[in-house]
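Hi,

Here is the structure I promised to pass on. Have a look at it first, and my notes on what turned up are underneath.

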Amino acid sequence: MDDRDHTDGVRLTARERAALAEMEEGLRQTHDPAPTPRRPSGGRRLALAVAMMLTCSVVLAVVGIRTSNAALLWCFAVLWPLTVIQTVRLLSRWIRTTGPFTPWF
């Protein structure tokens, strides 16, 4: 039997087969089939920012209503939608990292 492989019409010498086997082995060793999900680096900063924005929104709303100051109410009107958007981002990031919800019923 000669040193050539006749599979699929491709002919490889013993040296080429050994090199190919070595490359395939290297690829198998470096390939990670299921990489672990990374935790987002800005998770704590986003949570802190949402907490601060929520606190400021509540203070602006309460003080603005008690004093009937239009400037405070407008500040609340600008800050509240931003707070809601950042809260949704925080919750979606949290759901993505913890996995899907499991039903309890």
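Let's start with the overall picture: of the 105 residues in this chain, 12% count as buried. Keep in mind that this is a predicted model, not an experimental one. The accessible surface adds up to about 9200 Å², and carbon and sulfur atoms account for 65% of that.

The layout is easy to follow. There are 3 helices and 0 strands, so to speak an α-α-α run when you read from the N terminus. If you take the contacts between residues at least 6 apart in sequence, 43% of them join residues that are at least 24 apart.

On confidence, the mean pLDDT of the chain is 82, with 73% of the residues at 70 or more. Going by helix, α1 (residues 14-30) has the lowest mean, 85, while α2 has the highest, 93.

Now to α3, where I spent a good part of my time. This helix has 29 residues and spans 42 Å from its first C-alpha to its last, close to the 42 Å expected at 1.5 Å a residue. At its start, a side-chain oxygen of Asn69 comes to within 3.1 Å of the backbone nitrogen of Ala71. The buried residues in α3 are Leu79, Thr83 and Arg93, and the buried residues of this helix pack against α2.

Thr83 is worth zooming in on. It sits in α3 and counts as buried because its relative accessibility is 2%, where the cut-off for buried is under 20%. What does the side chain of Thr83 reach? One partner is the backbone oxygen of Leu79, at 2.9 Å. Another is the side chain of Ser57, with which the Thr83 side chain makes a polar contact at 3.2 Å. Setting aside neighbours within four places in sequence, Thr83 is in contact with Met53, Leu54 and Ser57.

There is another threonine to look at, Thr67, which belongs to helix α2 (residues 43-67). Is Thr67 buried or exposed? At 48% relative accessibility, Thr67 lands in the partly exposed class, because that class runs up to 50%. A polar atom of the Thr67 side chain lies 2.8 Å from the backbone oxygen of Val63.

Last item: aromatics. How many aromatic pairs does a search of the whole structure find? The search turns up 1. The pair is Phe76 with Trp80: the ring centres are 5.9 Å apart and the planes are at 25 degrees, so the pair is stacked. The angle is what decides that label, because planes under 30 degrees apart count as stacked. Phe76 and Trp80 are 4 residues apart in helix α3 (residues 70-98), which means about one helical turn separates them. As for how much of each can be reached from outside, Phe76 is partly exposed at 23% relative accessibility, and Trp80 is partly exposed too, with a relative accessible area of 37%.

If you open the model, I'd go to Thr83 and its polar contact with Ser57, then move along to the stacked rings of Phe76 and Trp80.

Cheers

Conventions. Residues numbered from 1 in each chain as written. Predicted model: local features only at pLDDT ≥ 70, side-chain atom pairs only at ≥ 80, totals over all residues. Heavy atoms only, no water. Buried < 20%, exposed > 50% of the residue type's maximum accessible area, 1.4 Å probe, protein only. Polar contact = N/O pair within 3.5 Å; in protein donor to acceptor, adjacent residues only side chain to side chain. Phe/Tyr/Trp six-rings, centres within 6.5 Å; stacked < 30°, edge-to-face > 60°. Contact = heavy atoms within 4.5 Å. Areas by Shrake-Rupley, 256 points an atom, 1.4 Å probe, with all protein chains shown as cover. Expected span 1.5 Å × (residues − 1). pLDDT = per-residue confidence, 0-100.
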